[in-house]
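Here's a quick walk through the fold, the packing and the charged pairs of this chain. Have the viewer open while you read.

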Amino acid sequence: MRAYTDAVAQALLTATKVPIVRLRALGCVVPYAMEGLLRRELDAAGASLLHVAHGDAVTLHFSLAENAAAALVARLNEAGQGRLVWLDDAEAAPPA
């Protein structure tokens with residue numbers, strides 16, 4: 001038992017620690033003219049683009065660190081000048 005405990009302890013000492021980051025899924029609908037701006041803002045915020053659908057408008061599903069979500073939403077609302085529509089939490093998850 002002691003050998004296993006020592007082996008685990010040694011492994012933990014040299015293991016790389018990776019912080020756990022809580023993610024938030026968001027989704028929005030924008031006019032085609034705003035797609036480039038939105039993609040640049042997502043990239044700058046470190047968001048992961050999960051799904052994009054092109055129809056009458058562009059629907060984007062993405063995730064990012066929960067602590068960065070509020071600032072991104074505020075920036076996008078300002079840049080969108082009322083043309084950006086947020087999906088509710090149930091709709092924000094990307095389609096399977």
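Two strands count as paired if DSSP finds at least two bridges between them. Helices (H or I, at least four residues) and strands (E, at least two) are DSSP runs, numbered from the N terminus. This is a predicted model, so a few filters apply: local features need pLDDT of at least 70, side-chain atom pairs count only at pLDDT 80 or more, and totals for chains, interfaces and linings use all residues. Residues are numbered from 1 along each chain as its sequence is written, and side-chain values use heavy atoms, with hydrogens and water left out.

**The sheet**

Start with β1 (residues 23-30) and β3 (residues 58-65), which run antiparallel and are joined by eight bridges. Along that seam, Ala25 has Ser63 in β3 as its bridge partner, and Leu23 sits opposite Ala65. β1 also pairs with β4, again antiparallel, over two bridges; there, Val29 is partnered by Val85 in β4. Put together, you get an open sheet of four strands in the order β2-β3-β1-β4, with antiparallel pairing. The edges are β2 (48-54) and β4 (85-86), each pairing on one side only.

Helix α2 (residues 35-45) packs on this sheet and touches β1, β2 and β3, its direction making about 165° with that of β2. Helix α3 (residues 66-80) packs on the sheet as well, touching β1, β3 and β4, at about 145° to the direction of β3. For these angles, axes are lines fitted to C-alpha atoms (for helices, over the stretch in contact), and the angles run from 0 to 180 degrees between N-to-C directions. Contact means heavy atoms within 4.5 Å.

**Inside and outside**

Buried means under 20% relative accessible area, exposed over 50%, and partly exposed in between (1.4 Å probe, protein chains only). Which residues of α2 are buried? They are Glu35, Leu38 and Leu42. Seen down the helix axis, these fall within an arc of 65°, so they line one face of α2; the arc is taken over the directions from the axis to the C-beta atoms. They pack against β1, β2, β3 and α3. On the other side of α2, Arg40, Asp43 and Ala44 are exposed. Just after the helix, Gly46 has a positive phi of about 80°.

A nonpolar core here is a set of buried Ala, Val, Leu, Ile, Met, Phe, Trp, Tyr and Cys residues joined through side-chain atoms within 4.5 Å. The largest one has 16 residues, of which Val30, Leu38, Phe62, Leu64 and Leu84 touch the most other members. β1, α2, β3 and α3 each supply at least two residues of this core. Leaving aside neighbours within four places in sequence, the contacts of Phe62 include Leu42, Leu72 and Trp86. His61 is also in β3 and is buried, at 6% relative accessible area.

**Charged pairs**

A salt bridge needs a side-chain nitrogen of Lys or Arg within 4 Å of a carboxyl oxygen of Asp or Glu. By that rule there are three:

| Acid | Base | N to O distance |
|---|---|---|
| Glu66 | Arg22 | 3.7 Å |
| Glu35 | Arg39 | 3.0 Å |
| Glu41 | Arg75 | 2.9 Å |

Glu41 lies in α2 and Arg75 in α3, so this pair ties together parts that are 34 residues apart in sequence. Glu35 and Arg39 are four residues apart in α2, about one helical turn. Glu35 is buried at 13%, whereas Arg39 is partly exposed at 35%.
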